[in-house]
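Q: Please take a close look at the salt bridges of this structure. Which side chains meet in them, and are the residues involved buried or exposed?

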Amino acid sequence: MLYKEYDKVITIFESIINTDYTCEEVGDPEYDDPNNIYSIYEIDINTIKDDLGIDLKSACLYAIYSVLMSNKKDKFEKIWNYVSICKNVNIKDVKNIGIEKIKNFDEFYVDWKKYLEDKK
């Protein structure tokens, strides 16, 4: 059975992209005390997205799809935030994913282009 849990997809994706990650720089444990921490710094998703081991582009497309399917009031702002991190995403690719067809996608896409023009 297939479940349509679009809000969970949105929550998980936003948790991934909105988390600040803390890194610790430690010495080589073979030569150093592993409890010695030389530096602690925070990084964001853009810094580590290639090292996560997940396909962030696909995750972004599924998040956009979920926003469109759940008909969020702030859908344009959410999608804008997603594509600001996943810069290589083509919004039209969401038509090829998911278990349901997106209703009124062409109308959304016209509104999306207008939103982008207004955003600049």
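A: In this predicted model, a search of the whole structure finds five salt bridges. Three of them, described here in turn, involve residues of helix H1 or its surroundings in the sequence, including Glu5, Asp7 and Glu14.

Glu5 pairs with Lys8, and the closest N and O atoms of this salt bridge are 3.0 Å apart. Glu5 has a relative accessible area of 40% and is therefore classed as partly exposed.

A further salt bridge joins the side chains of Asp7 and Lys72, with an N to O distance of 2.9 Å. This pair connects distant parts of the chain, 65 residues apart: Asp7 belongs to helix H1 (residues 6-18), while Lys72 is in the loop between helix H3 (56-70) and helix H4 (75-85). Both partners fall in the intermediate class of accessibility, for Asp7 is partly exposed at 44% and Lys72 is partly exposed at 25%.

Glu14 and Lys78 form another salt bridge, in which the closest N and O atoms are 2.7 Å apart. Because Lys78 lies in helix H4 and Glu14 in helix H1, this pair ties together parts that are 64 residues apart in sequence. Lys78 has a relative accessibility of 14%, so this residue counts as buried, the cut-off for that class being under 20%.

As to the general basis of such contacts, side chains of opposite charge can pair when their charged atoms come close.

Note on methods. Residues are numbered from 1 along each chain as its sequence is written. This is a predicted model: local features need pLDDT of at least 70, side-chain atom pairs count only at pLDDT 80 or more; totals for chains, interfaces and linings use all residues. Side-chain values use heavy atoms; hydrogens and water are left out. A salt bridge is a side-chain nitrogen of Lys or Arg within 4 Å of a carboxyl oxygen of Asp or Glu. Buried means under 20% relative accessible area, exposed over 50%, partly exposed in between (1.4 Å probe, protein chains only). Helices (H or I, at least four residues) and strands (E, at least two) are DSSP runs, numbered from the N terminus.
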